[in-house]
Amino acid sequence: QIHWGAHVPYATDLHGGAFGIGARLGWDLPVLPIDIAGIGEYFFPDCGAEDCSLWGGSLEANVRLPIPIVRPYITGGIGYRSATGIEVEGAERQDASGANVNLGAGVDFNLAALRVFVDARYEWYDEDTLSQPLVRVGLIF
């Protein structure tokens, strides 16, 4: 079954924290409690008068417990983030981008044709400037 959705991500470390918007397109594998999703996100960091941006995407797999309504899951995947003019504590503004590996956990609530989810993950990069926890809250249709 193909699904799509939208979410609000929160990047906790960059620019002292930044909310964003995100979208997803996924596929629930038949018979198995696994879904695969492609995700894109754009964040709105508070950079004051400076110009900055943070965006990215990922390919993720969620493995769920086969429970009907409240379904906890573990999630992991690979992704890419690009940040321009980022500010990290104790460092000058800089640009950084790179691939990541992410791992986390979450729960979704299956409410008829709508699923509500909350998850938290950590993204690891070769470039330590970008490594960070990330939280998402959203809807899947």
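Student: How many disulfides does the count come to by the rule?

Tutor: One disulfide, where the rule asks for a pair of cysteine sulfur atoms within 2.5 Å. Before going on: this is a predicted model, so local features need pLDDT of at least 70 and side-chain atom pairs count only at pLDDT 80 or more, while totals for chains, interfaces and linings use all residues. Numbering runs from 1 along each chain as its sequence is written, and side-chain values use heavy atoms, with hydrogens and water left out.

Student: What makes Cys-47 and Cys-52 a disulfide?

Tutor: Their S to S distance is 1.4 Å, and the cut-off is within 2.5 Å, so the pair qualifies.

Student: Why is the disulfide of Cys-47 and Cys-52 called right-handed?

Tutor: Because the torsion about its S-S bond is about 65°. Both Cys-47 and Cys-52 are buried, too, meaning under 20% relative accessible area (exposed is over 50%, partly exposed in between, with a 1.4 Å probe and protein chains only).

Student: How do you know that Pro-66 is exposed?

Tutor: Its relative accessible area is 72%, so Pro-66 passes the over 50% mark. You'll find Pro-66 in the loop between strand S4 (53-64) and strand S5 (70-86); strands here are DSSP runs of E, at least two residues, numbered from the N terminus. The C-alpha atoms of Pro-66 and Ile-34 are 9.6 Å apart, with their positions 32 residues apart along the chain.

Student: What makes the phi of Val-31 worth a look?

Tutor: Val-31 has a phi near 70°, a positive value in a residue other than glycine. Most residues other than glycine have a negative phi. Val-31 sits in the loop between strand S2 (18-28) and strand S3 (34-43), and at 86% relative accessible area it is called exposed.

Student: And what about the phi of Ala-112?

Tutor: Ala-112 isn't a glycine, yet its phi is positive, about 60°. Its loop lies between strand S6 (94-111) and strand S7 (114-125). With a relative accessible area of 78%, Ala-112 counts as exposed.

Student: Zooming out, which helices and strands does the protein have?

Tutor: Zero helices and eight strands; a helix would need an H or I run of at least four residues.

Student: Why is the protein called as compact as a globular protein of that length?

Tutor: Its radius of gyration is 16 Å, close to the 14 Å that the globule rule gives for 141 residues, so the label follows. That radius is taken over C-alpha atoms, and the rule is 2.2 Å times the number of residues to the power 0.38. As for burial, 43% of the 141 residues count as buried.
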